[in-house]
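Me: I've got a model open and want to know what stands behind the labels people put on it. Can you take me through them?

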Amino acid sequence: MSYIELKEVVKEYGAAGEAKLRALDGINFEIEKGEFVVIVGPSGAGKTTVLNMLGGMDTITSGEIWVDGADISKYTSKQLTKYRRFDVGFVFQFYNLVPNFTALENVELANQISKNPLNAKDLMNEVGLSERLDNFPAQLSGGEQQRVSIARALAKNPKLMLCDEPTGALDYNTGKTILKLLQDMCREKGMTVIVITHNQAIAPMADRVINIKNGKVEKTAQNPSPVSIDQIEW
Amino acid sequence: MSLFLIVFLGVAFYAGIRSCNPDMLISADTFYDQTNLADIRVMSALGITQNDVNAISRMEGVEKAVGTYSYDFICKLEDKQYVIRVMAKTDGINDIVLKSGRMPEKENECLIDDYDLNLRGYKLGGEIELFSGDDTEIGDIVSENRFVITGTFVSSAYLSMSMGTSSIGSGRVDSLLVVLPEVFQLDVFTEADILVKGAKDLMCYSDAYTDHVKNMIDRIDYISDGREKIRYQAVIQDATSQLNDAKKEYEDGKKQLEDAKKEYEDGKKKIEDAKQAVADGNVQLESARAEVAAGWAALADAKAQYEEARQQFLIEKAVAEAEINFRLSEIAYVKSFIEEHLSGKEEEIAAIKEYIYSVTGKYIDFNEYQAFIDGIVNDAYAQINEGQRQLDAAWAQISEKEAQLNQAQWQISQGEAEIAETQKQIEEGEKALKDAEKEIADGEEKLKDAEEELDKAEKEIAKIERAEWYVLNRNYLTEYSSYRSDSQRIGNIGKVFPVIFFIVAALVCLTTMTRMVDEERTVIGTLKAIGYSKGTIMRKYLLYALLATALGSVSGALVGSKILPYIILHVYKILYPNLEVLVFPYNLEHCLVAGGAALVCILAATLFACTKSLMEVPASLMRPVSPKQARKLLLERIPSVWSKIKFTWKNAFRNFVRYKKRLFMTLFGICGSTALLLVGFGLKDAINTILYAQFGEICLYDEVISIDPDATERNRIELENALDRDSRFESYLYVHETVVDAESANSDEVLSVYVLIPENVQRLDENIILMDRVTKERYELNDEEVFITEKMSHILNVKEGDTFTISVNQKDKKTLRVGRIVENYIYHYIYMTPALYEKLYGEAPDFNAITIVNRQGISIDPDEMGEEFMSYAATGGVTSIITLKEKFADILGSLDTITWVLIICAGALTFVVLYNLNNINISERRRELATLKVLGFYDIELSQYIYRENVLITIIGIALGVLGGIFLNRFVVTTVEVDIVMFGRQIFAMSFVKSILIAIAFTVIVNFIVHFKLKKIDMATSLKSVE
């Protein structure tokens, strides 16, 4: 069995009796441990919904989601919280840093709730922000904020990193550095990283590319020799 | 809509409460004017004459001056005495309002005040009997002492049931009667009532009115000097002539007494004589009795002798008769012998001769012999006859003596009866004498009294001073001034509470508007992008705010300034039942102030919010509000402290600085509600303090027996003995208690207070504790100064060492110096020693009441107590403190409602403010919270994240609220309390705990709701771009 496995996952929105919107219509895919995965698809294809399901932020209507040998679709909300807390690291499109905390404190925030956290300062060092520890998010650029966000996700030492359009709000170069950082982390720490994007161009850097369209997996492709982000241009 | 409601409430509350004070004053003024309540009253100890009244009438500026009468009497009803003030009906001044029945038409008809008809069970058509309250004959004052009640009235001079003081009875006027002026028999008026020209046009409680009247008073004072002199001379003359009459009368009386004494002496002598005669008679009678007794004894002897003599005589008679018979037979023999022997022998003759010889010794012939024998027989007969005669004589003697003795006996009994008769007469005489003696003694005593009285009268005449005119403004009417203070009290409350309410309303409006504008940023941005000018966009919001505020203000002002004064004035009508006129004019000033303030606040808020938004370029308006810049705290500059603070707390601290507006509003909400809660509970405490401190710590006595003024010394002793014997009582103390009016130069108010004088100063602390409220230090009375109660010192505005005056009905003024101010909550008291009283009034106080302390743990049923002790002649009335306590508990219980209103208001305020602000807090930080959720914060951790701030704010808010509450409570307590009571100033620890707990409870409830709101936050929002 694969590290992550989605089986016939269906997600419908809308209350009973009303016309239902089927966001996911039987998704199936597998991901192995330590892979750098890119999920691509056009807007409204259901990428974010997949991420939500995978991240334990929402429940599915039917199907199974197996992560590391457990079916999280059967989890209670409490178990889901634990799952998010200990197993998943999130990187958001809009960084979602707590504006009240300094960069370092934002990382420590995650640090605090984790079982075996990584050192916050070291992480800040790794993401290249050792100079800006005491700055508030509002004082940082978008790229810097996203790096803090990544550091925060890593701080929990998760099994799985979920990144929702991590470059969406960033310029080309900054986006590239962020993706590089993610790829490096994946390689160095052997972490499973799933990146959602509508940008087909970055697919070659992934170990596995999953194409989603209209709530269905259109195509999964394994990439035996992913290229470094530096070599990709779009 | 919510804007409208909030403005409506705020303005209504503000305008309404604010209007209460003027409305109350206007109502009173209208009533005063309608009933022509006198502006000035002139009184004098010597009365006011018609000439005085005429003199005043002629003065410039006097609209009308009328002389009138009023006099206090006693009325007895069901064993209790009441003081009734009888007033003459007047026309066009101090008019009364007929409430029921009809006006009196005859001299024996009266009206009674409306309040008393129900209270004391008088009936229309019923009769009321008056008694004099002092030594004046009732007939000298009024022509009738029984009146038929024809109706009831109210008078603007007596707004409430406290009708002032009196020099008789309990010292407190209980009821009022109005009778026709003709009823009064006095030569002079007791007072003159004056209406001042132009005074009606002025508001009665205003400075303008007071000055206007003051001006008139000064002028009347000016003429009073001359009038006083005239009156003085008239009175002195009158009194002197009366005195002379009295002196004459006294002399006559003295003469009469002397005559009576003489008569008495004569009578006494006569009786003495009679007594002597009786004694003599008795002696004579005694000797007569002895004589008679001796007579009887002699008679008995005589009878015995007579009997003996008779026996002797009978024997002698028999012997003599035998002799006679023998001689007769002998002679017959001799005769026959002779006849036989005549012719016979000599010898025989000789024999006979011998025989005769032997008999007679002589030789005689027969004839001689015959004669001899006859002689013997005759002798014998004579002898017998003699004896018989002697015996008869003796008997006759005896019989006579007996008759004599019987006569004597009868005479003696006759004498005895006579003496008894005399004795009886003597006794009667003595009795009469005794009566006469007593009469004389009485007469002497009376004479002595009369003498004393004459002396006194003489002295009094000497003492008669130029009776000063008391020219008084309306303040002498206790209700007049207390009504003003009550309305001021409402005014004071109106100054604070509506403002608080208003501020809250304004703040709520401000946030509402700000949020409304914030929420519509994008709309504004779009409008701006399309090309609308700033003004046009702003106009939309301003118009909305304006409309809501204007509508709310107008309707709030209309409704509030009618309804709230209506409710409050009707509540006050309970206190002032005789206030007939209630008017609620619109008070433009307060309406405008409230409405204007609301308008300005809200428009400013809208303007502020709008301009802030409108200043931005359309593009940035399209984007969400950029999060506020977080700032480092001062605290962070101290790393040693900062690094120790827990992570999430840091966030809370930073948030404080970041969302100042919200912080302050939350703080204000919690602080305000805690303060209100504290005021609510504090008010309850204040009320409770009254009961528990007054009846538990200050007044230790349990029963009061007032002494009947007619009670004799013996009656008193009887009562004392009963109290001594009764095992239920621990101790008792005689006190003098009376009501006087007190006033001081530092205050306008005239206060009706009790003067209390213990018979035994050392033992006062068994019954009443005189101590300082704060330090609890106990004081002992001295002979130089008086102690007064705390509330009284506030009202009169006097401190220790200051002086104030007391008087009864504006007469007999005395100046007293304040020694100590003592703790007391109900009524006002002046405490002094008997010695001081004597120094002031020249006579010892009359101890007219007994305070009794029950033995520990014993409480006596008031009815039982009353029944038991009313049977003693000395008892005038019995009051149980329990009853008093219950009465006060009832009165004060009504204040509980206010407390609950405060508590509920406070609760609502906390809830609304906290809920509203938390809502804003959550919606503003939705993204942040969602992120934290995604990061894997448990629900509880997330809630705590928000709670930390709330808890901190709550703690600070409560702390500030407690502080503010203490001040607010002090303010509220002093403003709401009525004149006769002082509320406790202390808030109990329990109340702090309770208000804090309730404030916390509200916070907890709100936080609980917040918890569920947080749970519902959708994590997916964190992923979306905002909007």
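Reply: Sure, starting with the core. This is a predicted model. Its largest nonpolar core has 284 residues, and A:Val107, A:Leu182, A:Val193, A:Ile194, B:Val42, B:Leu177 and B:Ile830 touch the most other members. Helix H15 (residues 660-698) of chain B gives the most to this core, 19 residues.

Me: What is B:Ile830 in contact with, leaving aside its neighbours within four places in sequence?

Reply: B:Ala742, B:Val753, B:Val755, B:Val786, B:Ile788, B:Ile806 and B:Leu816. Contact here takes C-beta atoms within 7 Å, so each of those partners meets that cut-off with B:Ile830. There's also a second, separate core of six residues, including B:Ala320 and B:Tyr369.

Me: Why do strand S1 and strand S4 of chain A count as paired?

Reply: Pairing needs at least two bridges, and S1 (residues 4-13) and S4 (residues 62-67) of chain A have five, in the antiparallel sense, so they count as paired. In one of these, A:Ile4 has A:Val67 as its bridge partner.

Me: And why do S4(A) and S5(A) count as paired?

Reply: S4(A) and strand S5 (residues 70-71) of chain A have two bridges, which meets the minimum of two, so they pair as well, again antiparallel. A:Trp66 stands opposite A:Asp71. The two strands form a hairpin with two residues between them, and A:Asp68 in the turn has a positive phi of about 50°.

Me: How many residues does each chain bring to the contact between A and B?

Reply: Chain B brings 21 and chain A brings 25. On the chain B side, H14(B) supplies the largest share, five residues. That side divides into ten nonpolar, seven polar and four charged residues.

Technical notes: Residues are numbered from 1 along each chain as its sequence is written. Chains are lettered from A and ligands numbered from 1 in the order in which they are written. This is a predicted model: local features need pLDDT of at least 70, side-chain atom pairs count only at pLDDT 80 or more; totals for chains, interfaces and linings use all residues. Helices (H or I, at least four residues) and strands (E, at least two) are DSSP runs, numbered from the N terminus. Two residues are in contact if their C-beta atoms, placed from the backbone, lie within 7 Å. Ala, Val, Leu, Ile, Met, Phe, Trp, Tyr, Cys and Pro count as nonpolar, Asp, Glu, Lys and Arg as charged, and the others, Gly among them, as polar. A nonpolar core is a set of buried Ala, Val, Leu, Ile, Met, Phe, Trp, Tyr and Cys residues joined through C-beta atoms within 7 Å. A residue is buried if 20 or more other C-beta atoms lie within 10 Å of its own, exposed if 12 or fewer, and partly exposed in between; C-beta atoms are placed from the backbone.
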